[in-house]
Every structure is written in C-alpha cells, then in structure tokens.
Amino acid sequence: MNALKFIIKYQIHDTLRSKWLIIYTLFFAAISYGLLSFTNESSKVILSLLNINMIIIPLASLVFGTIYLYNNSDYIILILSQPINRKTLYLGMYLGLSFPMALSFLIGTGLPVLLFIRNFKEAGPVLFNLFLGGVFETFIFVSISFLIATLNENKMKGLGLSIFLWMFFSALYDGLILITLQIFRDYPLEIPSLVFTILNPVDLSRLLVILKFDISALMGYTGAVFTQFLGGGVGFAVSILSLLLWSTLPLMFGLRSFSKKDF
Amino acid sequence: MIKTEKLYKKYGTLEALKSLNIEIKSNRLTYIVGPNGSGKTTFIKTILGLVKPTSGNLFVDGVKLNGTYLYREKIGYMPQIASFPENLSVKEVLNLLKEIRSENVNYDEELIRLLKLEKEYEKRIKNLSGGTKQKLNAVIAFLFDPPVLILDEPSAGLDPVSSSILKDKILREKKAGKTILFTSHILSELEELAEEIIFLLEGSVCFSGGKDELILLTGERNLERAIANLMMGQKI
C-alpha cells in the first residue's frame, strides 16, 4: 500500500507540471467564463456547459490516457524491475492521471461559476450533478484508455481506437439508437432504450443533469424515456450505480491484462 | 543464484527461448552473448519478471518465480534505454525509487559522486541529454547495493570517461561478492570483465562455461576472436 501512495504522489507531481493539463484547465475556464458572461440564465449556461463537457472530457481523457501509457512505456519497465506489484503500478498511474485531470476540470469550470455564483441560486443540485458527471467521465474514460493502451502494442492502432470510441459514444451511438427505435417502433421500447442508455457512459452522465431539469425532452429520446420511466430518486441511483460500474469494469480488465502482459 | 529449468517462451509463432537450462553462479561475472535476436534481452526480462515464460521454471536465489515480486529487492537492473517521467527532476526520480524500496536503506551513492551527477539534481528529466540519462540509469542499478546486478549494454551511450568509471565500479562490486550478469557488443570489454560466458543462438544455449574453456574449445588466441567465430557459425 505504501508503494501505491508513492507512485500516485509522484505521478500527480509529474502530471500537474505538464503543459497539456494547464491548457486543459484554461480551456474550461475560458469556455465557462465566456458562457457566463453572455447570459444570466443559469439553465442555459448549465446546458451549454454540459454539452461541451460531454464532448471534451471523453476526448481528452481517452487521448491523454492512451498517449500517457505509450509515452511512459520505458518508465513502466524501470518501475516494474523494482520490487513492486504490477497492479500497484497500474492503479497508481491510473489515479495519478485521473485525479489531476478531474481537478483541472473542476477548477477550470468551477472558478468562473463561483465568480457568477449569484446567477445559480436555485441551480445548486443541477450544478453539483454537472460536476459529478464530469468527474465520472474523467475516471471512466481514463480507465478505458488505459485498457486500450494495455491491449494494443501499436500506438497508432491504440490512438485510433480511442478516437473511434469517442466518436461512437458521443455521436454515433444516439443515431444508432434512433434508427433502432424507428425500426422497432411497433413494440414497447421503454426497457430497451433504458438499457441502451446505461450502455453509454456519456448518456449516463448527461442524464445526471437532465434528471434535475424539466427539459428532458429536449435532450434526445433516451433522456426523455429515462426521466419518464424512472423519475428522480431511482433514476439517480441507477445512473450512479451504472457510472460506478463503468469506471471499475475497464479498470479491472486493464489490471488483469497488465498483470499478464510481456514488456 | 539464478537457475532456469526448461525455460520456454513463445511470442505468437516465434520461439524466443527454446527450453533453456541455465545456471548463473553466485559471485561471478557472467556475460551473455549472442547475435541480435538470439534471445538475450528476453532472457534478462524473464529474470526480472517483465516477460512471463510460456512454460518452464525460473529460480532466483531459491525463490521460484510465478507472479512474486519481492525477490526483485535483490536485483539492480540497468536497461539499455531508460526513460523517466519527463517532468520530474533527477532528485525526485531517485527519491521515488528510494521510497518504493523503502526496506532498503543502505544506499550506494558512490556513482553519483564519480559520475558528477549532483550538479544535475534539480534538472528536469526532459532537459537531460541521452548520456546523462544513461548515467542516472547506472546510478539506479547500483543504488540499493543489491546482491545481483543485471546490466544490459551498460556502456552504450556513455562517454569513454564515464564508461571506464562504470567498468571500474563493476569490477569493485564483483570483488565485493556480487553476482553480475551483463550483455555488451563491445568485445574488448569482455576480455577485461567476463568470467563466465553464456552464448545464446536462436533461443538456445550454444555454449555455457568459463572464459578460458571457450578459448580452448574454439582454438583461438583470445576471447574476442572466439566469440566472433561462434557468431559466424563455428560448431563446438
């Protein structure tokens, strides 16, 4: 356990100093500040932020994560030649990247929101879910990117797969669902569309925010069904549980293949 | 100290190690030689647990390797190329390793002084030259005063002065009773250093034994020529 603490500590040191993380933070800060300056309506700002977050966070986490493992392959060999468990290193690197990235999102979006906090008097819970969703996205997509990089020796293939996965979850997926629902429109589709939503972490995080809003119908078919079918409390619990599964399952598969891998 | 029993490793359809039975003796300087692609690095990596053998057994100091990791406390490893997290300073990298191996507090920091690495302490890794990184690499291998040293091409990338400092260090450690395993393509280095030779060819042991024995068997004047002959395919 001690070794895990040290790996995380140094990894965070390393990540916090990287230029990309600073750019990532500044990007969020600029976007949120810009949106907040345009309008006083908190719901509009939150929805715009939500849409931007759900595109940027998965993309950045997948790309950063994959490149991070590939770039550090020699460092991994150095550490693995020390008396340390492979799982400890993998977990340490995962947490050492996810924490600073989540933090950078929270600071980048959070500071401008704090500046304009008077606009958000009634939007407390929605705002909280927005941040929660963003943090989950970070942990989920970093764990997926680590799994991809562990399974693929070839850098280009791994990076390509990451970008494809991002496109799939943030754009293609909803389209495919719509087509499916259109084809089977004569059947009751509440349960299938629920399942579809749970199978996409981006939709899940979006739901976290939408469930707190009264505009679910505006946010695509899956959102509408979810609100209607599960309502507030249960819906929230189900989405949190699914998000937890989404962040732990890829991590566990990653740990397993990392332990068996040849370096 | 290190013993293998029918060690076998296959990558896809490529047989990298074909049923190796090797014993590396304690307190000796063993040199692993072989043409490119003969399985040297794969063999070293199996000892370190970086590569998992397809079948066969490997023992380090009597401990059988299967997913264990604590035995690596006894090993110092200097890889051919090293890289460290580029935003950490030299000092932080050394501290990281010290914290990982916190059970071990007898630091051997002689090389830091000899290779004049103190003046680079505060520099970030990304600002170091290739040679300086290699020096750091050497320092790390010796830092914990381990009983077994595994050096993969130790003098590659080092300037002649540092290279001879390292060579002297290897000889001193040998005298202190360390088991040392190394690979190198600089044949003149062997003449000075090697005691035992393991010659690998396409994943099999082609020769294993003392330096003089090899010279005698090939009928050559010196080790350099004997090895060169073996590489050209002379049968013994």
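Reader: At what angle do helix α6 of chain A and helix α9 of chain A pack, and how far apart are their axes?

Author: In this predicted model, α6(A), residues 124–151, and α9(A), residues 201–210, pack at an angle of about 165°, and their axes are 8 Å apart. Since angles over 145 degrees count as roughly antiparallel, α6(A) is therefore roughly antiparallel to α9(A).

Reader: Is the crossing of these two helices left-handed or right-handed?

Author: The crossing in which α6(A) passes α9(A) is right-handed.

Reader: Which residues of α6(A) and α9(A) meet, and how do they divide by character?

Author: From α6(A), the residues in contact are A:Val126, A:Asn129, A:Leu130, A:Leu132, A:Gly133, A:Glu137, A:Ile140 and A:Phe141. They meet A:Pro201, A:Val202, A:Ser205, A:Leu208 and A:Val209 of α9(A). By character, the contact comprises nine nonpolar residues, three polar and one charged.

Reader: How should the packing of α4 against α5 in chain A be read: what are the angle and the axis separation?

Author: Helix α4(A), residues 73–80, makes an angle of about 140° with helix α5(A), residues 86–115, and the axes lie 10 Å apart. The limit for roughly antiparallel is over 145 degrees, so α4(A) is classed as oblique to α5(A). As for handedness, α4(A) passes α5(A) in a right-handed crossing.

Reader: Which residues form the contact of α4(A) with α5(A)?

Author: A:Ile76, A:Ile79 and A:Leu80 of α4(A) meet A:Arg86, A:Leu89 and A:Met93 of α5(A). Five of these residues are nonpolar, none is polar and one is charged.

Reader: Turning to chain B, in what order do the six strands of the open sheet lie, and what is the pairing?

Author: The strand order is β7-β8-β9-β4-β10-β11 in chain B, and the pairing is mixed. The edges are β7(B), 75–78, and β11(B), 204–210, each of which pairs on one side only. With direction ignored, neighbouring strands are turned by 15° against each other on average.

Reader: How many bridges join β8(B) to β9(B), and do these strands run parallel or antiparallel?

Author: Strand β8(B), residues 148–152, and strand β9(B), residues 179–183, run parallel and are joined by five bridges. As one example of pairing, B:Leu151 has B:Phe182 in β9(B) as its bridge partner.

Reader: Which strands of the sheet does helix α4 of chain B touch?

Author: Helix α4(B), residues 130–143, packs on the sheet and touches β7(B) and β8(B). The direction of α4(B) makes about 170° with that of β7(B).

Definitions and conventions:
Residues are numbered from 1 along each chain as its sequence is written. Chains are lettered from A and ligands numbered from 1 in the order in which they are written. This is a predicted model: local features need pLDDT of at least 70, side-chain atom pairs count only at pLDDT 80 or more; totals for chains, interfaces and linings use all residues. Side-chain values use heavy atoms; hydrogens and water are left out. Axes are lines fitted to C-alpha atoms, for helices over the stretch in contact, and angles run from 0 to 180 degrees between N-to-C directions. Helices (H or I, at least four residues) and strands (E, at least two) are DSSP runs, numbered from the N terminus. Angles under 35 degrees count as roughly parallel, over 145 as roughly antiparallel, 65 to 115 as roughly perpendicular and the rest as oblique. A crossing is left-handed if the near helix is turned anticlockwise from the far one by less than a right angle, and right-handed if clockwise. Contact means heavy atoms within 4.5 Å. Ala, Val, Leu, Ile, Met, Phe, Trp, Tyr, Cys and Pro count as nonpolar, Asp, Glu, Lys and Arg as charged, and the others, Gly among them, as polar. Two strands pair if DSSP finds at least two bridges between them.
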